[in-house]
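Got the viewer open? Let's take a short walk through this one, a stop at a time.

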Amino acid sequence: MTDKNQKLANQMLMHMISDFTNNELAPVDMLIDKQGDYPEGLFELAVQTGLLGITLPQQYGGAGFDYAATAQALQIMAAGNASLAVTLEGHFKTIEQFMKYGNPELNDHYLPLATHQILAFSQTEPSGGSNPTGITTRAVKQGDNWVITGDKIMITNGGLASVYCVLAKTEDDQLAVFVVDQDMPGFSFGKREDFIGLKGTPVAEIVMDHIVVPDYHLLGQVGQGLEIGDQAHADARVLMGAVLAGIMTHELQIAVDYAKERKALTTPLYQLQVTQQKIADIAIAKQNTELLYQQAAKLKVQGQPYAEIAAMAKSYGSRSAVKVGDETLQILGGYGYSRDYPIEHLIRDARAMELAEGSIEKMNLEITKAEINK
Amino acid sequence: MKIVVCIKQVPSTNDVKIDPQTHNLVRSADGVINPFDKNAIEAALKLRDQTNGEVILLSMGPESYRESLLEGLAMGADSAYLLSSRALGGADTLATGYPLSQAIQKIGDVELVLFGRQSVDADTGQVGPIVAEYLNVPQVTFAEAIDLTEDHHLIGKRRLDAAEQEVEVELPAAVTVRSEMNQPRYATPRQIQKSFEKPLTVWTEQDLDLDPERIGLAGSPTQVTQVYAPAAAKKRVTMLTGTPEHAVQELLQSL
């Protein structure tokens with residue numbers, strides 16, 4: 001396709017996502033938060049509309065949009081509701097790992113499913129979070145097969161996804177990633193977390209009891225586990241930056257609408273300098289996050305290093321979305337503190353991303369390390 | 001079964017502009033498919049799947065209308081035609097219906113022509129019936145349901161302001177579609193990419209051998225002399241306060 005046509009296709013994608021968000025997602029934003037799950041039929045409609053395949057290459061039945069367009073689509077979606085955008089973020093970052101590290105047999109088996117089934121990446125265990133060196137999930141080689149045993153917790157889309165990439169240690173203590181699916185003997189789901197935000201996105205535990213997988217289920221090579229985990233984090237952080245920019249788009253809209261409508265005595269709030277300062281802060285934070293994730297996505301598409309900028313997008317974006325969410329709540333006064341208004345759940349939604357895919361502190365360590373080593 | 005769906009691009013916002021010379025709508029590049037036309041596309045796609053047929057989109061307008069045709073192709077239509085040239089510009093409904101009907105004849109073997117019931121910008125609802133007259137085929141307007149019969153007929157259920165009517169017509173026929181007929185599907189991301197691979201042909205008045213006296217502004221008997229927003233009538237509202245009994249007394253007195 002020519003560059004001009006691809007640009008037009010990207011615009012058409014954004015219009016379509018915008019229509020889907022306005023018609024299907026935004027109207028159930030509060031409902032998703034209150035009932036703690038997607039309403040019946042919403043996820044199925046997202047599948048039917050082809051949203052799972054936005055970034056999946058066309059050879060596997062997807063649309064093959066690049067990561068920059070995909071991230072922009074998630075920002076639009078997250079401005080209506082962040083949960084579905086985070087579900088897709090977890091799915092897309094996993095597809096990226098198949099594309100980078102998967103062997104042809106593995107990809108031919110699993111990637112055509114990714115148009116209608118969620119793929120998930122699972123690293124965290126009960127004993128530790130983002131530090132993969134202490135993991136206890138074991139992979140034992142038996143002939144042409146591997147036997148996987150262990151527990152993984154806090155998996156984004158746990159229970160919703162049917163295919164899981166799991167980080168495990170081999171007998172010689174090397175890290176490797178294996179692909180298991182929910183239909184394999186020995187696979188079971190554990191507890192779904194009762195998190196305070198992103199209530200639509202399921203986060204759950206999986207238990208693997210001597211799951212036998214053929215050798216081609218090894219993603220990449222034995223010893224590449226740490227690299228693949230880091231890569232998955234970097235890819236996730238680009239998209240999380242987009243989701244956070246989407247949440248701030250929503251926060252800004254709420255703040256502006258309310259400031260125009262509400263009066264303090266006879267003066268509309270937006271004419272008061274104290275409100276103007278807050279709205280400017282929200283707009284600046286949203287714009288900065290947008291620039292950071294778009295820069296990270298652009299670098300990724302161009303094949304240049306992007307992990308540091310992606311970490312900045314998530315670190316700055318998550319802290320900002322919580323902070324300016326609080327500013328928005330302050331503009332709304334008592335209404336902001338009410339569960340009848342969405343702002344309190346936007347703060348809870350954004351708060352998840354100060355932790356997920358590496359905490360803010362871990363982001364900042366990685367950013368500092370990159371700066372010191374320049 | 002070959003089905004043609006005539007679609008129109010309309011402004012994507014309420015901020016429409018009027019040409020001060022012609023008093024016609026200025027066709028903005030930032031447009032969307034007329035919402036009722038999406039219902040017509042959805043109806044055509046469903047019939048195509050039933051009959052193993054073909055859905056062809058047809059529109060008339062500037063080059064920017066290509067985007068709406070691509071969106072229709074991304075919804076699942078098979079091919080598209082755009083009638084576009086300066087000579088066709090400024091057309092009223094009659095000078096629109098004539099080139100569309102000529103294009104349908106040139107496409108050939110069309111058994112069903114679908115339209116949205118009306119466009120949301122001009123709101124006339126005239127183009128569908130005009131095309132049907134030019135083609136000399138029966139028409140079913142304001143249809144909320146259509147079914148094909150085995151003997152090559154179409155049964156349309158019309159919903160009018162105060163009545164429902166079931167009409168059976170022989171194919172080929174033309175139908176204008178109400179929004180109650182269906183819920184249009186979204187263009188999927190994959191189909192958006194694939195839409196650029198589908199045939200999209202641009203025809204001018206020369207391709208259709210059109211009579212120059214019957215196209216564009218010159219071929220339009222409608223002369224728009226003025227476009228204005230009606231003045232909002234000011235309503236008087238009186239709030240009745242006090243107890244319900246007191247309010248009722250006050251209401252009775254004022255009546």
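How many residues does the contact take from chain B, and how many from chain A? Keep in mind as you look that this is a predicted model. Select both sides of the contact: you should pick up 17 residues from chain B and 24 residues from chain A.

Stay at that contact for a moment. The size of an interface is often given as the accessible area lost when the parts come together. Here chain B and chain A bury about 1,600 Å² between them, and carbon and sulfur atoms give 62% of that area. Now pick out B:Tyr186, B:Pro189 and B:Gln193 as sticks: on the chain B side, these lose the most area to chain A, together 44% of what that side buries.

Next, hide chain B and show chain A as a cartoon. You'll be looking at eleven helices and ten strands. Turn chain A around: its C-alpha trace spans about 80 × 50 × 50 Å along the principal axes. The radius of gyration of chain A is 21 Å, which agrees with the value near 21 Å for a compact globule because chain A has 374 residues.

What share of chain A counts as buried? Of its 374 residues, 55% do. As for who touches whom, take the contacts in chain A between residues at least 6 apart in sequence: 74% of them join residues at least 24 apart.

Last stop: switch on the surface of chain A. The accessible area comes to about 15,700 Å², with 52% belonging to carbon and sulfur atoms. Colour by charge and you'll find 29 positive and 45 negative side chains in chain A; the centres of the two sets lie 8 Å apart.

Key
Residues numbered from 1 in each chain as written. Chains lettered and ligands numbered in written order. Predicted model: local features only at pLDDT ≥ 70, side-chain atom pairs only at ≥ 80, totals over all residues. Heavy atoms only, no water. Helix = DSSP H or I, 4+ residues; strand = E, 2+ residues; numbered from the N terminus. Rg over C-alpha atoms; globule rule 2.2 N^0.38 Å. Buried < 20%, exposed > 50% of the residue type's maximum accessible area, 1.4 Å probe, protein only. Contact = heavy atoms within 4.5 Å. Areas by Shrake-Rupley, 256 points an atom, 1.4 Å probe, with all protein chains shown as cover. Lys, Arg positive; Asp, Glu negative; His and termini not counted. Charge placed at Lys NZ, Arg CZ, Asp CG, Glu CD. Buried area = accessible area lost by both parts, 1.4 Å probe.
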